[in-house]
Amino acid sequence: NDIMPLLVFFFFQAEDGIRDAQESRGLGDVYKRQSLNQHNMIEEIPPEILAKEEAERRLREEKRQKEKEEQMRKLEQDRLAEEKRREEERVRRIEEEKRKKKLEEEWKKLGSDVIQPLPPVPPSFVLSLIHIS
């Protein structure tokens, strides 16, 4: 009767790995929750701390709002600048067309730009020139 020793090892996943994944809400929520939990364990949160945190929250919100308004102003300025550029380009094209039409009318008034051939020189004239010299 031989008895064989049997060793069995069990490995369990850590507690954090067993939990279901939660969508992250950002570090701000974690820190706020920790702050509140730490204060609640010891005592109620003093009103000065609550007021300070509320003031900081308001300042962050005001800063975000100002940044958003500045971004909207910048977008509006860019849009207006593009609109102005397009209008200037349109006016330039119209002026160019007017200038071309005026130039064509002036050419029509001057007549044909084709050089007309000169009539032939009579042979008697050529001979008389030779004779004179």
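This section describes the salt bridges and surface patches of a predicted model.

The structure contains 14 salt bridges. Side chains of opposite charge can pair when their charged atoms come close. Three of these contacts are described here, each between residues of helix H3, which spans residues 47-110.

In one of them, the side chain of Glu54 meets that of Arg57, with an N to O distance of 2.4 Å. Both residues belong to helix H3 and are three residues apart, about one turn of the helix. Glu54 has a relative accessibility of 29% and therefore counts as partly exposed. Arg57 is likewise classed as partly exposed, because its relative accessibility is 37%. The pair is also part of a network of salt bridges that links Glu54, Arg57 and Arg58.

A further salt bridge joins the side chains of Asp78 and Lys74, at 3.1 Å from N to O. Asp78 and Lys74 lie four residues apart in helix H3, again about one turn of the helix. With a relative accessible area of 38%, Asp78 is partly exposed. Lys74, at 44% relative accessibility, also counts as partly exposed.

Glu87 and Arg90 form another such contact through their side chains, with 2.6 Å between N and O. Because these two residues are three apart in helix H3, about one helical turn separates Glu87 from Arg90. The relative accessibility of Glu87 is 37%, so this residue counts as partly exposed. Arg90 has a relative accessible area of 39% and is partly exposed as well.

Two surface patches were also identified, one nonpolar and one negative. The nonpolar patch covers about 350 Å² and is made by Leu103, Trp107 and Leu110. Of its members, Leu110 is located in helix H3. Leu110 has a relative accessibility of 68% and so counts as exposed, the cut-off for this class being over 50%.

The negative patch is formed by Glu97, Glu104, Glu105 and Glu106. One of these residues, Glu105, is placed in helix H3. Patch members are required to have no salt bridge, so Glu97, Glu104, Glu105 and Glu106 are not partners in the salt bridges of the model. Helix H3 thus holds the pairs Glu54 and Arg57, Asp78 and Lys74, and Glu87 and Arg90, together with Leu110 of the nonpolar patch and Glu105 of the negative patch.

Notes: Residues are numbered from 1 along each chain as its sequence is written. This is a predicted model: local features need pLDDT of at least 70, side-chain atom pairs count only at pLDDT 80 or more; totals for chains, interfaces and linings use all residues. Side-chain values use heavy atoms; hydrogens and water are left out. Patches are made of residues with over 30% relative accessible area and no salt bridge: like charges are joined within 9 Å, nonpolar side chains (Val, Leu, Ile, Met, Phe, Trp, Tyr) within 5 Å. Accessible areas come from the Shrake-Rupley method with a 1.4 Å probe; for residues, only the protein chains shown count as cover. A salt bridge is a side-chain nitrogen of Lys or Arg within 4 Å of a carboxyl oxygen of Asp or Glu. Buried means under 20% relative accessible area, exposed over 50%, partly exposed in between (1.4 Å probe, protein chains only). Lys and Arg count as positive and Asp and Glu as negative; His and the chain ends are not counted. The place of a charge is taken as NZ of Lys, CZ of Arg, CG of Asp or CD of Glu.
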